Amino acid sequence: MKTINNKIDDIIRHIEHVRDNCMLLGERLIQQGKKDMGRLLIANGFVHDNSKFYGVEWDYLNSDTEDPELLRIAVSQHNRTNKHHPEYWGGIDLMPSLYVAEMVCDWKARSGEFGTSLQDWIEGGAATKFDFTKDSEVYRRIIFYTGMLCEKPFKSI
């Protein structure tokens, strides 16, 4: 069973990963001339997921039981109060680019934390969950920000 300190450490580590991703992507956006968006993305990284420290989200994260109803309420609260979640906007297609970029930073952090493939999540999990296709505008924005954020693999010789 995780202690309160372990839970806080997990939250802080995730927020730090997202913040680092927001800083990197924000700096790259600024270099491309998108100064306001880059600055705002960096700012978002400093407040990302702060809601996890309060209310029902904290109650769930600090609970010793696996109450499915409490989980449902906490996730719903989190998604409805954090602009980097499509649920906040009523759908991924309605999200402003700033929050799509933050969402990509969040997804990259989660894939690193879980040792999973960001690309697989985008093309399989997220596409299914949020109902978008490779032909959609939101997919193009997601791939654009992912390409700016992720390091390029070695080129073959």
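A residue is called buried when its relative accessible area is under 20%. That cut-off is used throughout this report on a predicted model.

**Cysteines**

Cys22 has a relative accessible area of 0%, so this residue is buried. Cys105 is also at 0% relative accessibility and therefore counts as buried. The closest cysteine sulfur to that of Cys22 is in Cys105, at 3.9 Å, which is too far for a bond. A disulfide needs two cysteine sulfur atoms within 2.5 Å. The count of disulfides under this rule is zero.

**Four residues and their accessibility**

The table lists residues that come up again below.

| Residue | Relative accessible area | Class |
|---|---|---|
| His14 | 2% | buried |
| Trp58 | 15% | buried |
| Trp107 | 10% | buried |
| Trp121 | 32% | partly exposed |

**Helices α1 and α2**

Two packed helices are described by the angle between their axes and the distance between the axes. For α1 and α2, the axes come within 8 Å and cross at roughly 170°. That makes the two helices, α1 and α2, roughly antiparallel. On the α1 side, the residues that meet α2 include Ile15, Arg19, Cys22, Met23 and Leu25. On the α2 side, the residues that meet α1 include Lys35, Met37, Gly38, Leu41 and Ile42. Cys22, whose sulfur has no bonding partner within reach, is thus among the α1 residues in contact with α2.

His14 also belongs to helix α1. With a relative accessible area of 2%, His14 is buried. Apart from neighbours within four places in sequence, His14 is in contact with His48, Asp49, Lys52, Asp106, Ala109, Arg110 and Glu113.

**Trp58 in helix α3**

Helix α3 covers residues 55-61 and contains Trp58. The relative accessible area of Trp58 is 15%, so Trp58 is buried. What does Trp58 touch, not counting residues up to four places away in sequence? The answer is Ile4, Ile8, Ile11, Lys52 and Phe53. Lys52 also appears among the contacts of His14. Trp58 and Lys7 lie 51 residues apart in sequence, while their C-alpha atoms are 9.7 Å apart in space.

**Aromatic pairs**

A pair of aromatic rings is described by the distance of the centres and the angle of the planes. The model has seven aromatic pairs. One of them is formed by Trp107 and Trp121, with 5.8 Å from centre to centre and 90° between the planes, an edge-to-face arrangement. This pair links distant parts of the chain, as Trp107 is in helix α6 and Trp121 in helix α7, 14 residues apart. Trp107 is buried at 10% relative accessibility, whereas Trp121 is partly exposed at 32%.

The ring centres of Phe132 and Tyr139 are 6.3 Å apart and their planes lie at 35°, so this pair is tilted. Phe132 and Tyr139 are both buried. In addition, Tyr88, Trp89 and Tyr99 form one aromatic cluster.

**Helix α8**

Helix α8 runs over residues 137-149 and has 13 residues. How far should this helix span at 1.5 Å a residue? The expected value is 18 Å, and the end C-alpha atoms are 18 Å apart, which agrees. The buried residues of α8 are Val138, Tyr139, Arg141, Ile142, Tyr145, Thr146, Met148 and Leu149. Tyr139, a partner in the tilted pair with Phe132, is thus one of the buried residues of α8. The elements that cover the buried residues of α8 include α1 (4-31), α2 (35-45), α6 (97-114) and α7 (118-130).

Technical notes:
Residues are numbered from 1 along each chain as its sequence is written. This is a predicted model: local features need pLDDT of at least 70, side-chain atom pairs count only at pLDDT 80 or more; totals for chains, interfaces and linings use all residues. Side-chain values use heavy atoms; hydrogens and water are left out. Buried means under 20% relative accessible area, exposed over 50%, partly exposed in between (1.4 Å probe, protein chains only). Helices (H or I, at least four residues) and strands (E, at least two) are DSSP runs, numbered from the N terminus. The expected span of a helix is 1.5 Å times one less than its number of residues. Contact means heavy atoms within 4.5 Å. Rings of Phe, Tyr and Trp (its six-membered ring) pair if their centres lie within 6.5 Å; planes under 30 degrees apart count as stacked, over 60 as edge-to-face and the rest as tilted. Axes are lines fitted to C-alpha atoms, for helices over the stretch in contact, and angles run from 0 to 180 degrees between N-to-C directions. Angles under 35 degrees count as roughly parallel, over 145 as roughly antiparallel, 65 to 115 as roughly perpendicular and the rest as oblique.
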